[in-house]
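Work through the exercises below with the coordinates open. Try each task before reading its solution.

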Amino acid sequence: MAFTPPKETNTGKVYSVTIGSGDTAVTIGGENVLPFHGFEGVVPNKPTIAFDVLDTAPVDWPDTVREVYAGVSDDPVKWAKHCVENLNAKAVALRLSSTHPDNGNRSAAEAAETVKRVLDAVSVPLIILGSNHAEKDADVLVKVAEVAKGRNCLIGKAQEANYKTVAAAAMAHGHMLVAMSELDINLSKQLNIMITQLGFNKEKVVIDPMCSALGYGLEYTYTVMERIRLAALTQNDATMQQPILGDVGMYVWKIKEVSASEEILPAWGAMKERGIGWEAQTAAALLMAGAELLIMRHPDAVAAVDAFINELM
């Protein structure tokens, strides 16, 4: 008698979210099983990795990752084109960090012009992120959403302090929306509910529950993402069925373990390989927790995680 392995089935399903348009558009989500459990159900779309691109030179990045973009990081257009043409990026995350009041305080009009130039230069889907200053982002992302109309971008991050303005701008100009809360499933659920109460389509939202790097609370991040995904699948909770974003690079490349030299941390091995491994391991953990979209920085880490995804798929 043939052995039939038991399978777990779920009543819920993650919404599919498409970013971009035309042949280069990417779709994330759509699964009705836990991450990579294609043997138990349907996993129609593989997770997507977007390359992190800043609108200003990344002076606070460690040399390990900054040197990879030497010659292009002084211009977001050149940087984005390099990621697409030379690194085979499937998506680009343009981070408008220079609009932060403490980091240049560039205006919304300047940010919109930068976004327009990048949109004209690359055809892959664009994730457009503010500086994470809630008040300034509310101003910047309104202008950005307008100039990006028709390109079906992923705009964010909408948070409790500015979600009404950011969501309204994304809805008015036909974009997807990143909803960010602070590592708490109840706060994430509450924000999703408030956004949909504005009339925003819940199937156009991507959840960013925030994340942390390996060694800096990754296990807590994992449990929050895991609980969000379990609520979506096993409880059929429609307020938690959006795809999940893991903003990996910005959390990994600011910790001491990826920038401290071999002289300071001799037991940790070569600094370059250490940083790449740290980003890749953090990203892999978030994928297993339920993330369908990652934002990463080092090309070697991206290649390692992409191979990991292909093997599991």
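**Exercise 1. Place Thr114 and list what surrounds this residue.**

Solution. Start with the secondary structure. Thr114 sits in helix α3, residues 108-121. Bear in mind that this is a predicted model. Next, take the accessibility. Thr114 has a relative accessible area of 10%. Buried means under 20%, so Thr114 counts as buried. Last, list the contacts. Leaving aside residues up to four places away in sequence, Thr114 touches Asp55, Pro76 and Leu94.

**Exercise 2. Decide whether the buried residues of helix α5 share a side or are spread around the axis.**

Solution. First, collect the residues. In α5 (residues 163-172), the buried ones are Tyr163, Val166, Ala167, Ala169 and Ala170. Now take the arc. These residues cover only 160 degrees around the axis, which puts them on the same side of α5. The background is helix geometry: with 3.6 residues a turn, residues three or four places apart point the same way.

Then check the other face. Turned away from the buried side are the exposed residues Lys164 and Ala172. Next, ask what covers the buried side. The cover includes α4 (134-147), β6 (154-158), β7 (176-180) and α6 (185-197). Finally, look past the helix end. Gly174 follows α5 and has a positive phi, near 75 degrees.

**Exercise 3. Find the largest nonpolar core and the helix that gives the most to this core.**

Solution. Begin with the general expectation. In soluble globular proteins, nonpolar side chains tend to be buried together. Here the largest nonpolar core has 78 residues. Val115, Leu126, Ile128, Ile195, Leu294, Met296 and Val305 have the most contacts inside it. Helix α9 (residues 271-289) gives the most, with 8 residues. A second core is separate, holds 16 residues and includes Ala93, Leu129, Leu154 and Ile295.

Now zoom in on one residue of the largest core. Not counting residues up to four places away in sequence, Ile195 touches Tyr163, Ala167, Leu177, Ala179, Phe200 and Val205. Two of these names, Tyr163 and Ala167, are among the buried residues of α5.

**Exercise 4. Test the length of α9 against the rise of 1.5 Å a residue.**

Solution. Count the residues: α9 has 19. At 1.5 Å a residue, the helix should span 27 Å. The end C-alpha atoms are 27 Å apart, so the two values agree. Just after α9, Gly290 takes a positive phi of about 135 degrees.

**Exercise 5. Write out the strand order of the open sheet and identify its edges.**

Solution. The open sheet has 8 strands. Read across, the order is β8-β7-β6-β5-β4-β3-β10-β9, and the pairing is parallel. The edges are β8 (205-208) and β9 (245-246), since each pairs on one side only.

Now inspect one pair. β5 (residues 126-129) runs parallel to β6, with 3 bridges between them. Across this pair, Ile128 stands opposite Ile155 of β6. Then check the backbone of β6. Lys157 lies in this strand. The peptide bond from Gly156 to Lys157 is cis, with omega near 10 degrees.

Compare this with a hairpin. β1 (residues 16-19) and β2 (residues 26-29) run antiparallel and are joined by 4 bridges. Ser16 has Gly29 of β2 as its bridge partner. Between the strands lie 6 residues, and Gly20 in this hairpin has a positive phi near 85 degrees.

**Exercise 6. Locate Asn132 and Met210, which have positive phi without being glycine.**

Solution. Take Asn132 first. Its phi is near 70 degrees. Asn132 belongs to the loop between β5 and α4. With a relative accessible area of 43%, Asn132 is partly exposed. Turn to Met210. Its phi is about 70 degrees. Met210 is in the loop between β8 and α7 (218-233).

**Exercise 7. Explain why Cys83 and Cys153 form no bond.**

Solution. Start with the total: the structure holds 0 disulfides. A disulfide is a covalent bond between the sulfur atoms of two cysteines. The cut-off used for the pair of sulfur atoms is 2.5 Å. The sulfur of Cys153 is 16 Å from its closest counterpart, in Cys83, so the gap is too far for a bond. Then check burial. Cys83 is buried, with a relative accessible area of 0%. Cys153 is buried too, at 1%.

Notes:
Residues numbered from 1 in each chain as written. Predicted model: local features only at pLDDT ≥ 70, side-chain atom pairs only at ≥ 80, totals over all residues. Heavy atoms only, no water. Core = buried A, V, L, I, M, F, W, Y, C linked by side-chain atoms within 4.5 Å. Buried < 20%, exposed > 50% of the residue type's maximum accessible area, 1.4 Å probe, protein only. Helix = DSSP H or I, 4+ residues; strand = E, 2+ residues; numbered from the N terminus. Contact = heavy atoms within 4.5 Å. Expected span 1.5 Å × (residues − 1). Arc of directions from axis to C-beta. Pairing = 2+ DSSP bridges.
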